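Hello,

Here is the structure we talked about. Please open it and keep it on screen while you read.

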Amino acid sequence: MEHQEISPAILYWGTPVVLISSANDDGSANIAPMSSAFWLGHGAMIGLDASSRTTQNIARTRQCVLNLASDDMAAAVNALARTTGTDPVPAGKRTRGYRFVKDKFAVARLTPQPSRHVACPGIKECPVTMEAELVATHTMFGDGSAAAAEEALILAFEVRILRVTVHENLRMQGEGLCNRVDADRWKPMIMMFCELYGLKQGKLAHSNLADIDEEAYRPFADLSRKGKIEAVDVYVDVDADVKVVQEANSERAHELGADNH
Ligand SMILES: Cc1cc2nc3c(=O)[nH]c(=O)nc-3n(C[C@H](O)[C@H](O)[C@H](O)COP(=O)(O)O)c2cc1C
């Protein structure tokens with residue numbers, strides 16, 4: 001097949017849909033669907049429009065919850081699409097048909113779930129929730145100057161994950177597996193070129209990368225949390241097997257170097 005040069009307006013090749021919950025300044029909660037997110041260790045980078053209520057909430061409170069949508073949540077995601085918690089609606093969004101919605105939980109028929117380490121609630125219906133705190137703010141498309149940062153249209157927030165919860169049915173069963181997610185059961189919603197997709201056909205093939213013991217990655221998770229909260233709930237129900245693997249892996253962290261893939 002020959003390649004042909006194109007100039008796409010967007011490069012949304014496919015990333016999971018995240019419903020970010022954050023705290024408004026009056027103490028109520030906001031939700032925004034987004035998909036410009038990636039994960040490294042126990043950190044994440046999330047790209048957000050600077051004019052969004054969510055962006056302002058995270059900048060102010062330095063907290064949020066990243067709730068991952070599953071492939072059966074299209075109705076909720078579509079109910080949230082083209083809404084904003086900003087009143088009045090910013091001009092750019094107004095021309096794209098956005099409207100102000102104060103109570104995003106109500107409009108999407110979602111249920112708030114109390115968080116442990118952050119003030120804003122998570123979303124009960126999302127099979128995965130991650131409480132997070134802001135580590136650093138990066139401006140996109142500028143020259144790095146303070147003036148460019150002031151006028152940035154898009155911000156990339158680096159956040160540290162403080163606590164992970166998953167629906168019970170996503171957990172692997174068996175000794176030493178209590179912290180593992182069963183990837184065959186996890187059905188994320190994927191946004192590609194603004195359309196919503198699922199992974200209905202399941203696993204494509206076995207990956208050689210998956211032959212690495214998953215616990216070998218834990219030192220990088222520890223690194224991302226270094227010096228932070230004492231009570232780390234990611235280690236829920238850690239049993240003896242997992243602890244043994246952890247100890248062995250802390251020595252292997254240096255050998256693995258910076259590239260953990
Ligand atoms: C599926 C989906 C994915 C989206 N991805 C992003 C994204 O990655 N970054 C972003 O800034 N906005 C994204 N949006 C648009 C935001 O939801 C939109 O800016 C919204 O107004 C934010 O709400 P808020 O102003 O209440 O925070 C996405 C919308 C949908 C429906």
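Below is what turned up, beginning with the sheet.

One thing first: this is a predicted model.

The sheet. It is open and has seven strands. Their order is 3-2-6-11-12-5-4, and the pairing is antiparallel. Strand 3 (29-34) and strand 4 (37-40) are the edge strands, and each pairs on one side only. From one strand to the next, the twist averages 30°. As background, strands of a sheet pair through backbone hydrogen bonds.

One edge in detail. Strand 4 and strand 5 (residues 43-49) run antiparallel, joined by four bridges. Look for Trp-39: its bridge partner in strand 5 is Ala-44.

The helix on the sheet. Helix 1 (residues 53-61) lies across several strands, including strand 2 (18-23), strand 6 (63-68) and strand 11 (128-139). It runs at about 55° to strand 2. Which residues of helix 1 are buried? They are Arg-53, Thr-54, Thr-55, Asn-57 and Ile-58. Just after helix 1 comes Arg-62, with a positive phi of about 60°.

The core. The largest nonpolar core has 38 residues. Val-18, Ile-20, Ile-31, Cys-64, Leu-66 and Ala-132 touch the most other members. Strands 2, 3, 5, 6, 11 and 12 each give two or more residues to this core, and so does helix 2 (74-80).

Try Ala-132 as a starting point. Leaving out residues up to four places away in sequence, Ala-132 touches Ala-44, Cys-64, Val-65, Leu-66, Val-159, Arg-160, Ile-161 and Leu-162. Ala-44 is also the partner of Trp-39.

Best wishes

Technical notes. Residues numbered from 1 in each chain as written. Predicted model: local features only at pLDDT ≥ 70, side-chain atom pairs only at ≥ 80, totals over all residues. Pairing = 2+ DSSP bridges. Axes fitted to C-alpha atoms, helices over the stretch in contact; angles between N-to-C directions. Contact = placed C-beta atoms within 7 Å. Core = buried A, V, L, I, M, F, W, Y, C linked by C-beta atoms within 7 Å. Buried ≥ 20, exposed ≤ 12 C-beta atoms within 10 Å, placed from the backbone.
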